[in-house]
Amino acid sequence: MSLPKIDLPLFELTVPSSGKKVKYRPFNVREEKILLIAQEAGDLDQIVLAIKQIINNCVSGINIDDLPMFDLEFIISVSYTHLT
């Protein structure tokens with residue numbers, strides 16, 4: 001018997017640089033742990049990599065490698081507000 005899949009709510013946001021609408025889900029505890037581990041390492045490259053990984057997991061219809069840093073910060077902050 002497998003574990004039940006927990007459905008997470010989907011939200012929509014507009015990416016500031018392109019004006020494109022994308023769907024995202026709030027990041028969960030597992031992804032929050034990824035971010036906390038990167039913060040404890042204290043390396044900026046690790047933090048950026050963790051943020052990109054979280055956004056890649058939570059946002060659909062977007063290539064994170066093409067986004068400027070301010071878009072990444074915007075998306076992670078919006079996703080964090082729906083965490084609670």
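**Figure 1. Gly42 and the end of helix H1.** Gly42, which follows directly after H1, adopts a positive phi of about 75 degrees. This view, like those below, shows a predicted model. Helix H1 comprises residues 29-41. Its 13 residues, at 1.5 Å a residue, should span 18 Å, and the C-alpha atoms at its ends are 18 Å apart, so the expected and computed spans agree. At the N-terminal end of H1, Asn28 acts as the cap. A side-chain oxygen of Asn28 is placed 3.3 Å from the backbone nitrogen of Arg30.

**Figure 2. The buried and exposed faces of helix H1.** Glu31, Leu35 and Ala38 are the buried residues of H1. Viewed down the helix axis, these buried residues fall within an arc of 60 degrees and therefore line one face of H1. They pack against helix H2, residues 44-58. The face turned away from the buried side carries the exposed residues Val29, Arg30, Lys33 and Glu40. Arg30 thus appears in two roles: its backbone nitrogen faces the capping oxygen of Asn28, and Arg30 is among the exposed residues of H1.

**Figure 3. The open sheet of E1, E2 and E3.** An open sheet is formed by 3 strands, arranged in the order E1-E2-E3 with antiparallel pairing. Strands E1 and E3 (59-60) occupy the edges; each has a single partner strand, so one side of each is left without a neighbour in the sheet. Strands E2 and E3 run antiparallel and are joined by 2 bridges. Lys23 has Ser60 of E3 as its bridge partner.

**Figure 4. The aromatic pair of Phe11 and Tyr24.** The structure contains 1 aromatic pair. The ring centres of Phe11 and Tyr24 are 5.7 Å apart and the ring planes stand at 35 degrees, so the pair is classed as tilted. Phe11 belongs to strand E1 (residues 11-14) and Tyr24 to strand E2 (residues 21-24); the two residues are 13 residues apart, and the pair links distant parts of the chain. Phe11 has 28% relative accessibility and therefore counts as partly exposed. Tyr24, by contrast, counts as buried because its relative accessibility is 2%, under the cut-off of 20%.

**Figure 5. The surroundings of Thr14 in strand E1.** Thr14 is a residue of strand E1. Its relative accessibility of 38% places Thr14 in the partly exposed class. Apart from neighbours within four places in sequence, Thr14 makes contact with Gly19, Lys20, Lys21 and Phe74. Thr14 and Phe74 are 60 residues apart along the chain, and their C-alpha atoms are separated by 9.9 Å.

**Figure 6. Helix H3 and its buried side.** Helix H3 comprises residues 69-81. At 1.5 Å a residue, its 13 residues should span 18 Å; the end C-alpha atoms are 19 Å apart, which agrees with that expectation. The buried residues in H3 are Asp71, Leu72, Ile75, Ile76, Val78 and Ser79. Around the axis they cover an arc of only 165 degrees, so they lie on the same side of H3. The elements covering these buried residues include the strands E1, E2 and E3 together with helix H2. Helix H2 is also the element against which the buried residues of H1 pack.

Notes
Residues are numbered from 1 along each chain as its sequence is written. This is a predicted model: local features need pLDDT of at least 70, side-chain atom pairs count only at pLDDT 80 or more; totals for chains, interfaces and linings use all residues. Side-chain values use heavy atoms; hydrogens and water are left out. Rings of Phe, Tyr and Trp (its six-membered ring) pair if their centres lie within 6.5 Å; planes under 30 degrees apart count as stacked, over 60 as edge-to-face and the rest as tilted. Helices (H or I, at least four residues) and strands (E, at least two) are DSSP runs, numbered from the N terminus. Buried means under 20% relative accessible area, exposed over 50%, partly exposed in between (1.4 Å probe, protein chains only). The expected span of a helix is 1.5 Å times one less than its number of residues. The arc is that of the directions from the helix axis to the C-beta atoms. Contact means heavy atoms within 4.5 Å. A polar contact is a pair of N or O atoms within 3.5 Å; within protein, one must be able to donate a hydrogen and the other to accept it, and residues adjacent in sequence count only if both atoms are side-chain atoms. Two strands pair if DSSP finds at least two bridges between them.
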